[in-house]
Structure formats: C-alpha cells, structure tokens
Amino acid sequence: MANTFLEARDQFRQGLRSLLWIDYWDYATGLFGLPHPSDTAGMIRVIQQGHDLLHTDIVLVRGAYQWPPAPTDREPPLRQLRQQLKQLADQGHLATVLTGLTTLWGNSVPVFVSLPAPQKLLQDIQTTGTETEVERAAMYQADFLRTLMPCHIAGVVLEADEEPNSWEPCQPIWNLADHYGWAKGVELAARKVPILDPQRVGLDFLLLPDCALDQLSALWKLGIDVAGGLTKEFWETDQPLPSPSRRWGYGKIPATVRPETVLDKLQQWCHRS
C-alpha cells in the first residue's frame, strides 16, 4: 500500500500543494473533554472531532498520552524504560486508538505516532546516556513500535528538546520504519533553525513548531522538507502569512485560543494556499 503522506510530501516538493499539520490535542480536549488514556473510544472520538473541526492534512498521536508511570523501585534506568515500553504494549491502548483512526479514515488521512527520542527518554529517567545506552533505548523503542505494525500508521516522529550530536544511535528505529514503509521524522523544540537537513541523515521531514513561517521560507525554496511556523504567536497575533503561498505548516494550537480565532486563522491559511 502506498504511503499517502509521502505522496503528499512529494507534491509539496513539486510546488503542487501546501500542507497543514496541527497538533490539536490540548485544544480539542479543552473543547470536548479529556478522556482517560484507557478510554480508547473516548480518545478516538476526541481526535476525530478535532480533525472534523480543523481538517488538518496529517494527524499526530503522541504515545506520551498513554505513557505508564516509571517503576517505583530503584531499578537501572534502561530496565525501567524497557518495562515501561512493555507495559505500554501490553495495555494495548495506543494500538487500539491508532487502529481505530486508520480504520475510520482508511488511506485518506495519514496517522503518525510520536514518541520521545531515546536521548530524551534517558534524560527523563535521570541519566544522560552514553551512545551505547541510547542505542539500547532505541532498540527497546523499536521493539515497542513493532507491535504497532498492524495499525497501518503512516510513520513515526521522535521528539527531542535539542538537536543531538548524532542520530546514528536511533538507527534501530529508522531501520524498522524503513522495513514497514513508514515515514521518518524528528520534532525539535527549538526557536532557531538547526543545522540538520533531514534528507542528509535519511529522514523524510523535520518538524520545528517553534520557528516562525518566515524563518522556514528560505528552506522551502532550497527543497528542504521542514514544517513549522504555527507558533503561539501565529495563533495569537495578526501576523501575515509570508510568500510563497506554498507552505508546510506545523505546530500546536494553544488551549487558551478562542475557537473563532482558530477558524479565522485556518480560513486565512486555506485562502492563501
């Protein structure tokens, strides 16, 4: 089965369309209520309602919504991580949500799953992690992602606070994605454009939700597959959309933004695209 996300990205590359990718979970739960992670029907309903309202081209489901707590005993960090991932897989809540969405939309809406990058996971369990430890963490994540193969997702995104020295230790995850035909992306929480060119390191795209649209325009002209620009300032101010009209927007809607403002911004986007 063809990956419709990669087809859409290639159309963007050729200047045939713009792309709109919104992380709307916080906004949607503010409107429709926050379901418990074990309420998979409620999770699917909120994600569906948010998509029906916003018509984003791509849907992102963060695995952290379902993340189980770390073991309470003082086990080695990597063992804690492995147990968390096994517990997440055994619960099956995330897989149920993803399968429900891909069954609902078929091939018309690409669905991505997002997980913290292994470097970030190791920091969260209070160890900086050597390159060997990062690679082991990536292997555990790849084992978990393998359980999502029947869900028919379009790809995987790794979230990082900053650009690491190397993405090489994440190779077990990238290899698995290539095997299943998933698109591969990285999301960086940075307000400046990083050095990383996704194509040079074998990635399909880079997400920069905190970089303004005018910062990304030059990269699009160079053919770099980067998305961003839908910053807090984008939603809360009247800043104009930059040229060219071909844009790849990505970002999170702040939960505090008025629905009328959100719809007005989306109308502007669609009018200029």
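Angles of 65 to 115 degrees between axes count as roughly perpendicular. All views below show a predicted model.

**View 1. Helices α2 and α3 cross in the predicted model.** Helix α2 covers residues 25-32 and helix α3 covers residues 40-54. Their axes come within 9 Å and cross at roughly 105°. The two helices, α2 and α3, are therefore roughly perpendicular to each other. On the α2 side, the contact is made by W25, Y27, A28, T29, L31 and F32. On the α3 side, M43, V46, I47, Q49, G50, L53 and L54 take part. Sorted by class, the contact of α2 with α3 has ten nonpolar residues, three polar residues and no charged ones.

**View 2. Eight strands form an open sheet with parallel pairing.** The strand order is β1-β8-β7-β6-β5-β4-β3-β2. Strands β1 and β2 (59-62) are the edge strands, and each pairs on one side only. From one strand to the next, the twist averages 25°.

**View 3. Edge strand β1 is mostly covered.** Strand β1 spans residues 19-23, and five of its five residues are buried. On one side of β1 lie L19, W21 and D23, and on the other L20 and I22; all of these are buried, and both faces are covered. Strand β1 pairs with strand β8 (residues 248-252) in the parallel sense over five bridges. Within this pairing, D23 stands opposite K252 of β8.

**View 4. Strands β6 and β7 run parallel.** Strand β6 covers residues 205-212 and strand β7 covers residues 226-229. Four bridges join the two strands. A212 of β6 stands opposite G229 in β7.

**View 5. Helix α1 lies across several strands of the sheet.** Helix α1 is made up of residues 4-13. The strands that α1 lies across are β1, β3 (111-116), β5 (183-188), β6 and β8. Relative to β1, helix α1 runs at about 125°.

**View 6. The whole chain, as context for the close-ups, has eleven helices and eight strands.** Of its 273 residues, 53% count as buried. Among contacts in the chain with a separation of 6 or more, 64% are between residues 24 or more positions apart. The accessible surface of the chain comes to about 12,800 Å², and carbon and sulfur atoms hold 50% of this surface.

Methods:
Residues are numbered from 1 along each chain as its sequence is written. This is a predicted model: local features need pLDDT of at least 70, side-chain atom pairs count only at pLDDT 80 or more; totals for chains, interfaces and linings use all residues. Side-chain values use heavy atoms; hydrogens and water are left out. Buried means under 20% relative accessible area, exposed over 50%, partly exposed in between (1.4 Å probe, protein chains only). Two strands pair if DSSP finds at least two bridges between them. Axes are lines fitted to C-alpha atoms, for helices over the stretch in contact, and angles run from 0 to 180 degrees between N-to-C directions. Contact means heavy atoms within 4.5 Å. Accessible areas come from the Shrake-Rupley method with a 1.4 Å probe; for residues, only the protein chains shown count as cover. Angles under 35 degrees count as roughly parallel, over 145 as roughly antiparallel, 65 to 115 as roughly perpendicular and the rest as oblique. Ala, Val, Leu, Ile, Met, Phe, Trp, Tyr, Cys and Pro count as nonpolar, Asp, Glu, Lys and Arg as charged, and the others, Gly among them, as polar.
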